[in-house]
Amino acid sequence: MQNLLYKLSLTTKALTTLVAVMLVCAIFIPFSLSAQQRKAPSYPLITNNTYFSVWSNSDKLAESTTTHWTGAEQSLIGLINVDGTNYRFLGKEPEQYRTILPTSEEKDYVVKYTFTKPNGNWTGVEFPATDWEEGSSPIGDGKEDKLKWTSRDIWIRRAFTVAQAEAINKLLLKLTWDDDIEVSLNGEPVFAKKGVSKGYEFIPVDKSKLKGGENILAMHIVNTGGGARADIGLVDHEKPALNKQLQMADQKNVTINATQTIYSFKCGKVDLDVTFTSPLLLSDLNLLSRPVSYITYNVKANDGKTHKVKVFFSASTNLAVNQSKQPVTASKYVTANLSILKAGTNEQPVLQKAGDDVRIDWGYMYVAAPKSIAVSQFITNGKDAVEAFCNGEKTSTVTKGTQLALNTVIPFEQVGAAAVSKFIEVGYDDIYSVQYFNQNLRPWWNTSGKETIEGQLSKAADEYSSVLQKCVSFNKNMYTDAFKSGGKSYAELCVLAYRQGIAAHTLVKSPQGEVLWFSKENFSGGFVNTVDVTYPSAPLYLIYNPILMQGMLNGIFYFSESGKFKDNFAAHDLGTYPHANGQTYGEGMPVEESGNMIILTAAICKAQGNPAYAKKHWKTLSTWVNYLTEEGFDPKNQLCTDDFAGHLARNANLSVKAIVGIGCYAQLADAMGQKATAVKYRAIANDMVSKWMKLAGDKDHYTLTFENPGSWSQKYNLIWDKVLRLNLFPQSVYDTETKYYLTKQNEYGLPLDSRKSYTKSDWIMWTATFAPTREQFDTLVEPVYKYALETQSRVPLSDWHETTNGKQVGFQARSVVGGYFMKLLYDKIRKE
């Protein structure tokens with residue numbers, strides 16, 4: 001059936017099947033609002049893994065340039081020609097900039113710098129800076145950086161000259177930084193911002209501030225935690241060359257489902273539906289790991305007549321580079337059943353770069369289409385792609401260079417009232433996905449090393465109809481279950497979280513033959529397999545495939561059990577992505593991570609209905625639980641997962657984690673038949689609960705830290721006591737805390753604790769889940785949904801935001817939003 005569908009050009013049977021699938025997609029619209037209303041902070045288009053991830057940051061698909069989740073431009077362009085008239089429906093062409101002063105993206109440059117706060121007018125042209133050091137960009141703490149910056153502060157001066165300033169159209173700073181920045185031009189402040197940049201940002205500057213002769217750009221950057229970087233240049237925003245013949249498609253609607261984003265347009269006399277499908281079905285590891293997303297075009301006339309139609313898709317080769325200056329080579333070829341475009345960097349530095357704001361620059365991107373639909377494919381410079389289509393050109397003009405475009409023209413020929421549907425594929429072969437204790441591992445789909453990306457693209461084409469039907473079925477079932485569990489707002493938050501949470505991972509097999517489901521700690525350090533990122537992500541995988549949950553713990557267990565990690569508590573991480581060679585975070589979180597690992601092991605065993613996984617790692621779990629019994633109840637001054645908030649001693653919520661972890665160990669011992677051990681550790685946990693209530697008690701609530709009246713915090717770690725039926729804490733604790741939380745809510749959510757007004761939305765969802773009543777649950781969840789729809793921060797959903805104004809504080813595109821599924825997990829396990 002599948003071969004028939006795509007080796008024939010829309011036979012009646014094929015058309016019926018395809019249209020039926022698309023109609024189901026269109027009919028089931030859990031997230032449907034009018035086109036002018038928000039559906040998400042950012043819209044997922046291609047979401048296969050942390051490197052192969054493209055988003056639209058505007059409510060209308062053609063109003064912005066598509067980007068990688070980091071904010072770097074990865075342009076996708078979509079046009080449709082109807083009876084000779086061209087309409088744009090996907091992507092805004094990237095802005096064109098002329099370099100005045102290059103950033104490190106283009107060329108390394110020399111600066112003067114100091115790590116000691118300077119005296120005097122250090123930003124001025126006349127400042128001598130004689131005692132400052134000299135160094136070369138790139139600047140930061142990464143492996144590739146030449147000027148190593150590992151202190152808190154750095155002060156930088158960059159001297160330059162500019163000729164013909166009057167010829168500049170619009171002067172912009174081009175800069176990227178981490179975390180806080182102040183910039184001056186010739187002694188005059190021109191920009192300041194707290195918080196890390198979203199890739200390179202462009203900041204308008206009055207060009208009259210440039211002077212004849214020498215100029216000085218001066219920066220002070222503060223690294224408040226995590227990675228460090230600083231890069232600055234100047235560009236001229238060139239006047240756009242407008243194509244007067246190109247019209248804008250009228251976007252009527254956008255729908256977000258778990259695995260799909262569907263846009264509907266009116267393009268003159270035809271209607272166009274465009275569906276982006278990333279088939280991230282967690283129950284099927286082979287499909288999950290297949291690095292292929294579909295783009296489906298469904299076209300029909302809206303006036304009862306017949307029209308000649310063709311669709312244009314263009315993908316920038318920036319999908320295959322870390323920086324746009326990197327040269328690429330592109331090619332065009334065919335296989336037995338596919339037409340293919342391919343591109344990758346000339347350098348191919350496989351697994352060489354590691355860090356947070358880093359994109360893949362090894363392996364190859366692909367745009368493929370079934371030969372049966374007779375597409376035309378060609379390669380141009382990026383800025384020439386749209387013009388080439390509008391002029392009817394289909395010949396490649398270039399195969400080497402920077403920022404090329406892979407172009408595909410999809411002919412629909414005569415289209416009437418009956419819908420016609422065709423699809424293309426976008427894929428990525430990363431060759432090797434991660435380095436695991438100094439051994440490069442291939443992606444799961446090619447563990448053997450004998451598979452080919454062409455084989456994966458071909459299989460994806462053959463299975464297109466069945467895969468889409470599976471996706472549609474899953475979309476419906478997931479939404480229905482979430483709606484039943486938590487209502488409309490909750491279900492729609494789960495929809496937003498689903499692809500984002502999964503796409504921050506990659507799937508490989510360890511040399512020991514174990515599943516490894518590695519997360520990247522997106523936009524918060526870039527660490528790989530961070531335990532306190534795994535912890536909040538867990539509900540999604542415990543529901544849909546506990547084997548993947550094991551895959552998130554296996555590497556951490558191996559780190560300890562191999563003797564590579566020698567402490568008597570659990571490690572924080574396995575390295576900096578994609579190098580899983582051992583912990584690189586600056587300090588441990590001993591109570592946090594040991595508690596996390598024991599709790600999650602217990603959750604896996606509960607989800608699987610047997611203690612086999614715990615039995616496999618019992619010696620390690622026993623070491624960790626003994627650490628918790630000695631150090632966990634009244635924690636010393638240390639970090640927890642909320643490390644951005646700083647160190648705390650006597651952290652009441654962290655103490656809860658230790659208590660719950662000990663209770664989980666007792667539960668596992670009981671399941672393994674170790675009754676005496678179960679009784680012993682259960683008694684320890686119970687004794688700690690009584691002490692906890694006395695030390696944390698503060699009249700109408702429980703405190704942030706022990707014996708600190710007036711303070712408070714979300715005790716989100718309590719949720720596992722409920723989910724796993726440990727029954728450690730009395731119901732009065734939940735009643736008291738929830739009632740108090742409802743007095744502390746702001747417009748966009750419940751603050752994390754009494755220190756600040758910001759929050760973590762994943763923790764709110766956990767706190768809401770243990771609320772005694774459905775009404776209280778809804779009251780806690782609704783502001784989070786309001787934040788998702790109203791935040792000014794147009795990035796893949798940030799889990800760290802201000803409750804007063806809904807702005808992102810930090811973090812984006814993180815896997816921790818998998819924690820939104822906690823209520824669904826609670827209901828699932830409690831019913832079993």
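**Exercises on a predicted model**

Strand E24 (residues 328–334) and strand E28 run antiparallel and are joined by two bridges. This is a predicted model, in which local features need pLDDT of at least 70, side-chain atom pairs count only at pLDDT 80 or more, and totals for chains, interfaces and linings use all residues. Residues are numbered from 1 along each chain as its sequence is written, and side-chain values use heavy atoms, with hydrogens and water left out.

**Exercise 1.** Find which strands stand at the edges of the nine-stranded open sheet.

*Solution.* Start with the terms: strands (E, at least two residues) and helices (H or I, at least four) are DSSP runs numbered from the N terminus, and two strands pair if DSSP finds at least two bridges between them. Next, read the order, E19-E20-E21-E22-E30-E26-E25-E24-E28, with antiparallel pairing. Strands E19 (250–256) and E28 (400–401) are at the edges, because each has a single partner strand. Finally, look at one bridge: Thr329 is partnered by Lys400 in E28.

**Exercise 2.** Work out how many disulfides there are.

*Solution.* Recall the cut-off: a disulfide is a pair of cysteine sulfur atoms within 2.5 Å. The count by this rule is zero. Take Cys267: its nearest cysteine sulfur, that of Cys390, is 14 Å away.

**Exercise 3.** Decide whether Ala813 is buried or exposed, and list what it touches.

*Solution.* First locate Ala813, in the loop between strand E42 (808–810) and helix H18 (822–831). Its relative accessible area is 3%, so Ala813 is buried (under 20%; exposed is over 50%, partly exposed in between, with a 1.4 Å probe and protein chains only). Leaving aside neighbours within four places in sequence, Ala813 has contacts (heavy atoms within 4.5 Å) that include Trp69, Gln500 and Pro796.
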